[in-house]
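This briefing concerns the packing of one protein chain, with attention to its aromatic pairs, its nonpolar cores and its surface. Please consult the sequence and the coordinates alongside the points that follow.

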Amino acid sequence: MEIIGREREQSVLRMCYDSGKPEFVAVYGRRRIGKTFLVRQYFKDQFDFYTTGIYAGTREEQLAFFCKRLNVHSGGAFPVVNNWFDAFDQLQTYLSGLRKRRIVVFIDELPWLDTPKSRFTKALELFWNSWGCQRERLMLVVCGSATTWMTEKLIGDKGGLHNRLTRSLRLQPFTLRETELMLRSQSVRLDRYQLLENYMIMGGTPYYLSLLQPGMSLSQNIDSLFFSADAPLRKEYDFLLRSLFNDSAMYRNVIETICNCGHT
């Protein structure tokens, strides 16, 4: 699939790839906004190492999957380790043996790797500060949907990762123009009034737009996506809260209390 819009973001990725310097790039924004799609499509999935965090995974599960992905890319047999310092040491060993003009590492859903007491951020900090930042061929790209974690523990870190990012990209919802372009690419035909209605409902969120079916009216699509018995977005509200907040029940109560204020 082609990338719709995101011209500025693609330009930044291209500039970083061609810079000839070590690059540490963070892509962040709310869930369903297209972060992973943008990075994977831009690089055509041609990563020298790619892994992703596991939602609600334990430290042991995260480390085991990290090692599994390392062995897939390296063709080796790195053992599963019990801490992130050793895991990044293994990644460094593998990357050191590559002979390429540009080495691209992509770590998706970075905040999910930072489980309680795992010291993940300290290990990432050591990996970059002691080795990565000195490797002119290395481009490290990380993604995260938990924007508070990304802004406080990575982009705005006051410790060892302070000012270590070379670029940060916050993906925003599609504009009306980009929304129209995406729907056209899917053969979904809406007049301008329907397009505005769709934008007020979907908010220019690429994933939601991708679910719209051609040949159906906007009303039929909305009914199918949100209100039918097996609607794919029926439980989206709960999913978003659980994936973004550890104490999602508290945030849900706050949101619903605010919403109910106008009815009392």
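Phe47 and Phe106 are both buried. In this predicted model, the two rings form a tilted aromatic pair, with 5.2 Å from centre to centre and 40 degrees between the planes. The pair joins distant parts of the chain, 59 residues apart: Phe47 is in the loop between helix H2 (35–42) and strand E2 (49–52), while Phe106 is in strand E3.

**Aromatic pairs and cluster**

- A second pair is made by Trp84 and Phe120, which meet edge-to-face at 5.0 Å centre to centre, with 80 degrees between the planes.
- This pair also links distant parts of the chain, since Trp84 belongs to helix H4 and Phe120 to helix H6, 36 residues apart.
- Trp84 and Phe120 are both buried.
- The count of aromatic pairs comes to 18.
- One aromatic cluster is formed by Phe49, Phe66, Trp84, Phe88, Phe120, Phe127 and Trp131.

**Nonpolar cores**

- In soluble globular proteins, nonpolar side chains tend to be buried together.
- The largest nonpolar core here comprises 37 residues, and those with the most contacts inside this core are Phe88, Leu95 and Leu154.
- Strands that give two or more residues to this core include E1 (23–28), E3 (103–108) and E4 (138–144).
- Helices that do so include H3 (59–74), H4 (84–96), H5 (110–113), H6 (120–130) and H7 (147–155).
- Helix H4 supplies the largest share of this core, namely six residues.
- Another core, of 20 residues, lies apart from the largest one; among its members are Ile3, Phe47, Met139 and Leu169.
- Beyond its neighbours within four places in sequence, Phe88 is in contact with Phe66, Ile107, Phe120, Ala123, Leu124 and Phe127.

**Gln90 in helix H4**

- Gln90 is located in helix H4.
- Gln90 counts as buried because its relative accessibility is 11%, which falls under the 20% limit.
- Leaving out residues up to four places away in sequence, Gln90 touches Leu70, Phe78, Pro79 and Val81.

**His73 and the segment around Asp48**

- His73 is placed in helix H3.
- With a relative accessible area of 24%, His73 is partly exposed, because this class covers values between 20% and 50%.
- Although 25 residues separate His73 and Asp48 along the chain, their C-alpha atoms are 6.6 Å apart.
- Not counting residues up to four places away in sequence, His73 touches Phe47, Asp48, Phe49, Tyr50 and Tyr94.
- Phe47 thus appears in the contacts of His73 as well as in the tilted pair with Phe106.

**Nonpolar surface patch**

- Leu176, Leu196, Met200 and Ile201 make a nonpolar surface patch of about 390 Å².
- Helix H9 (residues 192–202) gives the most to this patch, with three residues.
- Ile201, one of the patch residues, lies in helix H9.
- Why is Ile201 classed as partly exposed? Its relative accessible area is 45%, and the partly exposed class lies between 20% and 50%.

Terms used
Residues numbered from 1 in each chain as written. Predicted model: local features only at pLDDT ≥ 70, side-chain atom pairs only at ≥ 80, totals over all residues. Heavy atoms only, no water. Core = buried A, V, L, I, M, F, W, Y, C linked by side-chain atoms within 4.5 Å. Buried < 20%, exposed > 50% of the residue type's maximum accessible area, 1.4 Å probe, protein only. Helix = DSSP H or I, 4+ residues; strand = E, 2+ residues; numbered from the N terminus. Contact = heavy atoms within 4.5 Å. Patch = residues over 30% accessible without salt bridge, like charges linked within 9 Å, V, L, I, M, F, W, Y side chains within 5 Å. Areas by Shrake-Rupley, 256 points an atom, 1.4 Å probe, with all protein chains shown as cover. Salt bridge = Lys/Arg side-chain N within 4 Å of Asp/Glu carboxyl O. Phe/Tyr/Trp six-rings, centres within 6.5 Å; stacked < 30°, edge-to-face > 60°.
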